[in-house]
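Trainee: Please take a close look at a single part of this structure. I would like one connected account.

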Amino acid sequence: MTAIKSSELILNPDGSVYHLNLKPEHIAHDIIFVGDQHRVEKITQHFDSVEFTTQKREFKTQTGTYKGKKLTVISTGIGPDNIDIVLNELDALVNINLNTKQPKANLTSLNIVRIGTSGSLQADIPVDGIVMSEYAIGLDNMLRSYLIDEVTDKNIEEAFISHTNWDLRKGKPYVVKGSEKLAKLIESDTIHKGFTGTAGGFYGPQGRVLRLNIQDENLNQKMDSFNYNGIRMTNLEMETAAIYGLGKLLGHETLSMNAIIANRANGTFSEDPYKAVDELIIYVLNKLVG
């Protein structure tokens, strides 16, 4: 088997993967993603102990134990491009021999749960609620650098394109389902199952106008009204679809949990968004330890 070239799998002088600054022994099988590096310690403050900490750029990692279970928390930063880095380098840690730079014969599947904040697109999904992303639609185009046909839902894609009159010059949206295994572990009657939109930017790609006109000023309203056999858009953020797509391609279980801190449909904002996030953190931690 031919080894992966050093220009393709870049390692630091100490043998750690290039961006994350991690070695295989530094991570657990169960991993929590957050966007903000400062949110890492908001999670690990609940741990029994923290055994390992490192940071390079926006990628901060802490590994420790919570109620006796080993967990890793990683900040990904913002956007699908960062998810491309984090998922590929995490996969390399468990599925590529970093000494020989050859893929392993027996592959490891990680459990990855994203904890993030988001705004609801639907009036009946209130602030301080939780949305579990059953599906995600990528509006970012990053994942189409890979061969993705086997992991995407083409029927929902085509329905979305038709409903929104999507301009394909922006790239073709892709739809991926989250992990059913993790959903069964984490779901409850109080959680809303959702269809999450992942945008490639914060301003124009999410319909915000400052000084620049946008390609489709009605796109947000079209997304709000999209419904495919009961699957409707619930929230908009910048990472979930990329996590789901790369997770499926690489064989990892991935799920996104969103604390709803704003509701665009009725114009409300959480009176205590920090409390909403903290409650989601404790909820996910306890579900992961069973």
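Mentor: What follows is a walk along one strand and the loop after it, with a short look at the surroundings.

This is a predicted model, in which local features need pLDDT of at least 70 and side-chain atom pairs count only at pLDDT 80 or more, while totals for chains, interfaces and linings use all residues. Residues are numbered from 1 along each chain as its sequence is written, and side-chain values use heavy atoms, with hydrogens and water left out.

Start with Thr 198, which lies in strand β10; strands (E, at least two residues) and helices (H or I, at least four) are DSSP runs numbered from the N terminus. Thr 198 counts as buried because its relative accessibility is 0%. Buried means under 20% relative accessible area, exposed over 50%, and partly exposed in between, with a 1.4 Å probe and protein chains only. The side chain of Thr 198 makes a polar contact of 2.8 Å with that of Glu 237. A polar contact is a pair of N or O atoms within 3.5 Å; within protein, one must be able to donate a hydrogen and the other to accept it, and residues adjacent in sequence count only if both atoms are side-chain atoms. Beyond its neighbours within four places in sequence, Thr 198 is in contact (heavy atoms within 4.5 Å) with residues including Pro 80, Ile 137, Asp 140 and Met 238.

The loop between β10 (192-198) and α5 (219-224) holds Tyr 203. Tyr 203 counts as partly exposed because its relative accessibility is 44%.

Asp 216 lies in that loop between β10 and α5 as well. Asp 216 is buried because its relative accessible area is 15%. Leaving out residues up to four places away in sequence, Asp 216 touches Thr 164 and Lys 222. The side chains of Asp 216 and Lys 222 are joined by a polar contact of 2.8 Å. Asp 216 and Trp 166 are 50 residues apart along the chain, and their C-alpha atoms are separated by 8.8 Å.

Asn 165 sits in the loop between α3 (154-164) and β9 (174-177). Asn 165 counts as exposed because its relative accessibility is 61%. Its phi is near 50 degrees, a positive value in a residue other than glycine.
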